[in-house]
Amino acid sequence: TNKKHISWAAVELPGRHKTGREIPLELSFGEFESDGKRYVTGIARDVSERKKAGEALQHAFGDLSVSENRFRQMNEQSPLGTVIFAPDGSIRSVNKAYEDFWGITFEQIKHWDFLSDEQIIKSGVADKLRPVFSGGTMSLPPIPYDPQTNSAGVKVDEKAEVRWNQSFAYPVQSDVGELLDVILVMEDGTD
């Protein structure tokens, strides 16, 4: 009839296997002319394995999405301040507890060179944190930090006082040992 009633490019339809069970088929059609005659070709493919792989992948991504959401909720609801550093030492994110503790937002400090902050250096935190970027861990007793003299250039509330925080840090690595993140967790030790 010269009219296409369905798409000729990879149409999926149910088919019947020679054993009698139903299987998903992908049908593709093509046409060509030769010696003035019109020819139509059709190819049927069993796509059972592809569908299983796709479903497994979708399930895996669904699980990852649940895990990612759960991690995000745990981080945001934690009473402990958390800073996530990239392998180059830049700040990837901070949680709400960190923002509340210091009275700042991530946007205000996202370009802050934490490891070059004068107070961080003088307190010894920078030297103790650097090995974490090579796979070590770190734990510190309460140390004071004056938010009024921060090197991030962030204006804080004029009533903000010196805060004491104790912290620990650890690396997050891939299965092959590649550094993905450094996590710094701090707790308010101010009396």
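This passage describes the sheets, the enclosed and open spaces, and one helix residue of a predicted model.

Two open sheets are treated in turn. The first is built from three strands in the order S1-S2-S3, with antiparallel pairing. Strand S1 (11–16) and strand S3 (37–46) take the edge positions. Each has a single partner strand, so one side of each is left without a neighbour in the sheet. Neighbouring strands of this three-stranded sheet are turned by 40 degrees against each other on average, direction ignored. S1 pairs with strand S2 (residues 22–34) through six bridges, in the antiparallel sense. Within this pair, valine 11 lies opposite leucine 27 of S2.

The second sheet is also open and holds five strands. Their order is S5-S4-S8-S7-S6, and the pairing is again antiparallel. The edges are formed by strand S5 (91–94) and strand S6 (138–145). One side of each is left without a neighbour in the sheet, because each edge strand has a single partner. For neighbouring strands of the five-stranded sheet, the average turn against each other is 25 degrees, direction ignored.

At the S5 edge, strand S4 (residues 81–85) is joined to S5 by three bridges, and the two run antiparallel. Isoleucine 84 has serine 93 of S5 as its bridge partner. Phenylalanine 85 is bridged to isoleucine 91, also in S5. The hairpin of S4 and S5 has five residues between the strands. Glycine 89 takes a positive phi in this hairpin, near 95 degrees.

Empty space was then examined. Rolling a probe the size of a water molecule over the atoms shows where such space is left. A search of the whole structure returns one cavity of 30 Å³ or more. The largest cavity encloses about 290 Å³. Its lining comprises 23 residues. Closest to the centre are Tyr98, Trp102, Trp112, Ile120 and Tyr145. Helix H2 (96–102), H4, S6, strand S7 (163–173) and strand S8 (179–188) each contribute at least two residues to the lining of this cavity. S6 gives the most, with four residues. By class, the cavity lining has 18 nonpolar and five polar residues. No charged residue takes part in the lining of the largest cavity.

The largest pocket has a volume of about 210 Å³. It is lined by 13 residues, of which Phe71, Asn75, Thr82, Tyr170 and Ile183 are the closest to its centre. Helix H1 (48–77), S4, S7 and S8 each supply at least two residues of the pocket lining. Nine of the lining residues are nonpolar, three are polar and one is charged. S7 and S8 therefore each supply at least two residues both to the lining of the largest cavity and to that of the largest pocket.Glutamine 119 is located in helix H4 (residues 118–122). Its side chain makes a polar contact with the side chain of threonine 149, at 2.9 Å. Not counting residues up to four places away in sequence, glutamine 119 touches Tyr145, Asp146, Thr149 and Asn150. Among these, Tyr145 is also one of the residues closest to the centre of the largest cavity. H4, the helix that holds glutamine 119, is one of the elements that supply at least two residues of that cavity's lining.

Note on methods
Residues numbered from 1 in each chain as written. Predicted model: local features only at pLDDT ≥ 70, side-chain atom pairs only at ≥ 80, totals over all residues. Heavy atoms only, no water. Polar contact = N/O pair within 3.5 Å; in protein donor to acceptor, adjacent residues only side chain to side chain. Contact = heavy atoms within 4.5 Å. Pairing = 2+ DSSP bridges. Axes fitted to C-alpha atoms, helices over the stretch in contact; angles between N-to-C directions. 1 Å grid on protein atoms, 1.4 Å probe; cavity = no way out; pocket = protein on both sides within 12 Å on 5 of 7 lines; lining within 4 Å. Points joined across faces, edges and corners; volume = space filled by probe spheres on them. Nonpolar A, V, L, I, M, F, W, Y, C, P; charged D, E, K, R; others polar.
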